[in-house]
Amino acid sequence: MDINLDGGEKEILKAIGIGGAAISGKQLLSCVVGMEEAEFLSTLKGLLMMGYVLADKQSFHDFQDIQQAEFRVNAGYARDLKEALDPRLKRERKEQKNRRVRRE
C-alpha cells in the first residue's frame with residue numbers, strides 16, 4: 001500500500017508518534033507550531049477520515065475541542081505510515097523480500 005503524505009500530515013504524524021502511544025491534544029498543539037488553525041484542523045480531520053489517526057472524540061471545531069481529546073496512530077497503518085515518512089524503509093523492505101530464496 002502506497003501512502004502519500006503532504007508536509008502538514010507528516011508534521012502531525014511525527015508529533016503524535018508512530019509507536020502507538022496516545023498523546024493529549026494539548027501536547028499535540030504544542031508540538032505542531034507554525035500551522036494556521038484552519039490548516040491544522042483540516043489536516044487532522046483528513047488523517048482521521050482516512051483512518052490513519054484515531055481519537056477519543058468524534059468532532060473537532062476549534063483548538064478547544066482538540067485540547068480535550070487524545071490521539072494515536074492507527075496500529076493497522078503504522079508500518080505503511082513509517083514508510084511514507086521515511087522512504088528508505090520501503091526500499092530496505094523491498095530489498096529484503098528480493099533476497100529471500102525459496103528452497104525446495
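User: Which elements do the buried residues of H3 pack against?

Analyst: In this predicted model, the way to read the packing of a helix is to take its buried residues and ask what they touch. The buried residues of H3 are Phe40, Leu41, Thr43, Leu44, Gly46 and Leu47, and they pack against helix H1 (7-16), helix H2 (25-31), strand E2 (53-55), helix H4 (63-67) and strand E3 (70-73).

User: What should the 14 residues of helix H3 span, and what follows H3?

Analyst: The expected span follows from a rise of 1.5 Å a residue, so helix H3 (residues 37-50) should span 20 Å, and its end C-alpha atoms are indeed 20 Å apart, in agreement. H3 is followed by glycine 51, whose phi is positive, near 90°.

User: How many aromatic pairs does the count come to, and how is a pair read?

Analyst: Two rings pair if their centres lie within 6.5 Å, and planes over 60 degrees apart count as edge-to-face; by this rule there are three aromatic pairs. One of them joins phenylalanine 40 and phenylalanine 63, which are edge-to-face at 5.7 Å centre to centre with 80° between the planes. Because phenylalanine 40 lies in helix H3 and phenylalanine 63 in helix H4, the pair ties together parts 23 residues apart in sequence. Phenylalanine 40 is buried, at 2% relative accessible area, whereas phenylalanine 63 is partly exposed at 27%.

User: Where do tyrosine 52 and tyrosine 77 lie, and how are their planes set?

Analyst: Their ring centres are 4.9 Å apart and their planes stand at 75°, so this pair is edge-to-face. The pair links distant parts of the chain, with tyrosine 52 in the loop between H3 and E2 and tyrosine 77 in the loop between E3 and helix H5 (78-85), 25 residues apart. Tyrosine 52 counts as buried at 9% relative accessibility, while tyrosine 77, at 22%, counts as partly exposed.

Terms used. Residues numbered from 1 in each chain as written. Predicted model: local features only at pLDDT ≥ 70, side-chain atom pairs only at ≥ 80, totals over all residues. Heavy atoms only, no water. Helix = DSSP H or I, 4+ residues; strand = E, 2+ residues; numbered from the N terminus. Expected span 1.5 Å × (residues − 1). Buried < 20%, exposed > 50% of the residue type's maximum accessible area, 1.4 Å probe, protein only. Contact = heavy atoms within 4.5 Å. Phe/Tyr/Trp six-rings, centres within 6.5 Å; stacked < 30°, edge-to-face > 60°.
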